[in-house]
Amino acid sequence: MDQLVAHIYALVKTGIVENVIVADSDFILGIQNQYDNIVEILPEQHRPQIGWSYDGTSFLDPANSLESLKSRKLVEFNEAMQSYTRSRYTTVTQIKFVNLYIAAKSDGQANRAAYLKPVLDWINSLTIYEARVINELQNQITILDVINYSWNIEANTLADPGLRLIDAALILD
C-alpha cells in the first residue's frame, strides 16, 4: 500500500497568494491549470499567507511592501507635523491669523498685516516642507531607504514668530 505524502502549497494567481493548502501531489496535478503558480512551501521556509505577493522566486508580506511602508511613514510624518504645529498654534488660531491677515490687507491696515505676515510665512514654510517630504518619500525606491528616511521640521522651516492673536487684534492702524 502506497503512503500518500502531503505537502504545503501556496496557490498563486496574478502574483497574489489566493490560498495556502495541504495536499498531495495527485491533488496538485488536478488543479495546476487553475493557477499561475503552485509553490511548495518547505518546512524551513516562512509560510506565506493569503494576500501576499509572489514574484516568481519569493513571497512578500504586503504589510512590509514598499508602498505599505511609504504609507506608514507618511502617516508618521503627518502626525509629527500636526504635533509640531499644534504645539505652537492650534488649527483654529492658525485660521484666525490667516483671516485677520486677509481682512487687514483688504481694509488697508498695513501695520496689522505687517505684524501678521511672519506667521503666514511660517505656515507657508511648513506647507512647502511638507510637500517636499511627501515628494521625497514617494520617490524612495527601496524599503531600506524608506525605513531610514527621516525629517527635521524645525530645522527645515522658518522659526515660529511667536505671535499672539490678542496683540494682532489690538493693532489699530
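This text leads through the nonpolar cores of the structure and then turns to one buried loop residue. The model is predicted, so that local features need pLDDT of at least 70 and side-chain atom pairs count only at pLDDT 80 or more, while totals for chains, interfaces and linings use all residues. Residues are numbered from 1 along each chain as its sequence is written, and side-chain values use heavy atoms, with hydrogens and water left out.

The largest nonpolar core, a set of buried Ala, Val, Leu, Ile, Met, Phe, Trp, Tyr and Cys residues joined through side-chain atoms within 4.5 Å, has 23 residues, of which Val119, Trp122 and Ile153 touch the most other members. Helices H2, H3 and H4, which are DSSP runs of H or I with at least four residues, numbered from the N terminus, are the elements that give two or more residues to this core, and H4 gives the most, with ten residues. Once residues up to four places away in sequence are set aside, Trp122 touches Tyr84, Thr85, Arg88, Tyr89, Leu158, Ala159, Asp160 and Pro161, where contact means heavy atoms within 4.5 Å. A second, separate core has eight residues, among them Ala10, Val12, Ile41 and Trp52.

Gln140 sits in the loop between H4 and helix H5 (143–148). Gln140 counts as buried because its relative accessibility is 17%, and buried means under 20% relative accessible area with a 1.4 Å probe and protein chains only. A polar atom of the Gln140 side chain lies 2.9 Å from the backbone oxygen of Glu136. Beyond its neighbours within four places in sequence, Gln140 is in contact with Leu66, Lys70, Asp145, Val146 and Tyr149.

Methods
Buried < 20%, exposed > 50% of the residue type's maximum accessible area, 1.4 Å probe, protein only. Polar contact = N/O pair within 3.5 Å; in protein donor to acceptor, adjacent residues only side chain to side chain.
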